[in-house]
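Subject: Structure handover

Hello,

Here is the structure I promised to pass on. Please open it first, then read the notes below.

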Amino acid sequence: MAEAALDAVRRELREFPAAARELSVPLAVPYLDEPPTPLHFYRDWVCPNRPCIIRNALQHWPALQKWSFPYLRATVGSIEVSVAVTPDGYADAVRGDRFMMPAERRLSLSYVLDVLEGQTQHPGVLYVQKQCSNLLTELPQLLPDLESHVPWASEALGKMPDAVNFWLGDVAAVTSLHKDHYENLYCVVSGEKHFLLHPPSDRPFIPYELYTPATYHLTEEGSFNVVDEEAMEKVPWIPLDPLAPDLARYPSYSQARALCCTVQAGEMLYLPALWFHHVQQSHGCIAVNYWYDMEYDLKYSYFQLLDSLTKASGLD
Ligand SMILES: O=C(O)CCC(=O)C(=O)O
């Protein structure tokens, strides 16, 4: 009897993603030709939790014309920024049986640009990606080139962003599949970013496991050691690489449906809270994103329920 009930719950969970998709998930990420009004942004995108790519939202930013490697060298080249360094481009990702976090280095931005241009060598793959409002805390000199928030989004959401992040990295730097509790406005200033997305409703097909956290340590000789973070709790993370999913191990993922999109320079992706995302980029891509904390409303609670049922029923 209990087994029959559990089977019924699993069946419902397997059918849920397609039903949700049919009702509200687009086949491709739609484009808007101009920024929406706060009302339209909230009504058409935030409330239904739908992504879109917005064109002509950044054209008033001086950054769009100015931000080149020579300009960054001249204005903020001497500033030290926090840089994630990994042997393979994957920071905060499952590698083997560990959740691997990057080595962190303080490097001058000029030095990072030299490495990206191949003028100097540094072991591993570099990614300026410290997600603690690093644009405001580490590179405030760049602020006059853009805005500290997105006015129509701040008005729609009734708050200011929790973080404004600056991203600059190697083509080999990849952000592994994960989700955040932020309404994310992701602006590409130069180059392009490739996003692979899954709606939150695909959760029953997306595996999570618990991993021992570990950090890469870069030795003087330029090799990487893996050092376990013994004081830290195990980290729940997605072991699956959506670009080469191990379907023998995670067969349910074949039923998930990814949406892929490329965000070009001058475009802004609205990535709704709780959407799973995997991100790649062109070499030396420069981007800025705004994280607005999500509303912890009924939609959030429903997602938590989906997450709990997926785990409790052993679908994971
Ligand atoms: O640009 C990236 O590499 C990752 C972006 C991301 O994960 C985020 O904005 O939440």
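One definition before the pockets: helices, here H or I runs of at least four residues, and strands, E runs of at least two, are DSSP runs numbered from the N terminus. Please keep in mind that this is a predicted model.

**Largest pocket**

Start with the largest pocket. Its volume is about 480 Å³. The lining has 24 residues. Nearest the centre lie Phe16, Ala20, Pro200, Ser201 and Lys299.

Which helix supplies the largest share of that lining? H1 does, with 7 residues. H1 spans residues 2-24. Helix H8 (298-312) also supplies at least two residues. By class, the lining has 19 nonpolar residues, 3 polar and 2 charged.

**Second largest pocket**

The second largest pocket holds about 300 Å³ of space. It is lined by 22 residues. Closest to its centre are Gln131, Trp167, Thr175, His178 and Asp180.

Strands feature in this lining. At least two residues each come from S10 (174-178), S11 (182-190), S12 (192-198), S18 (276-281) and S19 (285-293). S10 gives the most, with 4 residues. The classes here are 10 nonpolar, 9 polar and 3 charged.

**The cavity**

How many cavities of 30 Å³ or more does a search of the whole structure find? The count is 1. The largest cavity has a volume of about 40 Å³. Its lining consists of Ala84, Thr86, Gly89, Ala91, Val125, Leu126, Tyr127, Gln129, Ala173 and Val174. S3 and S8 are the elements that give two or more residues to this lining. S8 gives the most, with 3 residues. The lining of the largest cavity divides into 7 nonpolar and 3 polar residues, with no charged ones.

**The sheet of 9 strands**

Now the sheets. One is an open sheet of 9 strands with mixed pairing. Its order is S1-S2-S17-S11-S19-S9-S8-S3-S7. Which strands sit at its edges? They are S1 (31-32) and S7 (103-108), and each pairs on one side only.

Helix H5 (residues 109-116) packs on this sheet. It touches S3 (80-86), S7, S8 (125-128) and S9 (163-169). The direction of H5 makes about 105 degrees with that of S7.

Look also at S2 (residues 52-54) and S17 (residues 268-271). The two strands run antiparallel and are joined by 3 bridges. Ile54 has Met268 in S17 as its bridge partner.

Some of these strands came up earlier. S11 and S19 belong to the order of this sheet, and both supply residues to the lining of the second largest pocket. S3 and S8 also belong to the order, and both give residues to the lining of the largest cavity.

**The sheet of 5 strands**

There is also an open sheet of 5 strands, again with mixed pairing. Read its order as S4-S10-S18-S12-S16. The edge strands are S4 (90-91) and S16 (259-264), each pairing on one side only.

S4 and S10 run parallel, joined by 2 bridges. Which residue of S10 is the bridge partner of Ala91? It is Thr175. Both residues have appeared above: Ala91 lines the largest cavity, and Thr175 is among the residues closest to the centre of the second largest pocket.

**The annotated stretch**

One item comes from a record. UniProt, in an unreviewed entry, carries the annotation "domain: JmjC" for residues 128-307. Over residues 128-307, the chain is 12% helix and 40% strand. The end C-alpha atoms of that stretch are 31 Å apart.

That is the handover.

Best wishes

Notes: Residues are numbered from 1 along each chain as its sequence is written. This is a predicted model: local features need pLDDT of at least 70, side-chain atom pairs count only at pLDDT 80 or more; totals for chains, interfaces and linings use all residues. Side-chain values use heavy atoms; hydrogens and water are left out. Two strands pair if DSSP finds at least two bridges between them. Contact means heavy atoms within 4.5 Å. Axes are lines fitted to C-alpha atoms, for helices over the stretch in contact, and angles run from 0 to 180 degrees between N-to-C directions. On a 1 Å grid over the protein atoms alone, a cavity is a set of points where a 1.4 Å probe fits but cannot get out, and a pocket is an open set with protein on both sides within 12 Å along at least five of seven lines; lining residues have an atom within 4 Å of a point. Grid points are joined across faces, edges and corners, and a volume is the space filled by probe spheres set on the points. Ala, Val, Leu, Ile, Met, Phe, Trp, Tyr, Cys and Pro count as nonpolar, Asp, Glu, Lys and Arg as charged, and the others, Gly among them, as polar. UniProt positions are given in the numbering used here, feature names are shortened, and annotations may be inferred rather than shown by experiment.
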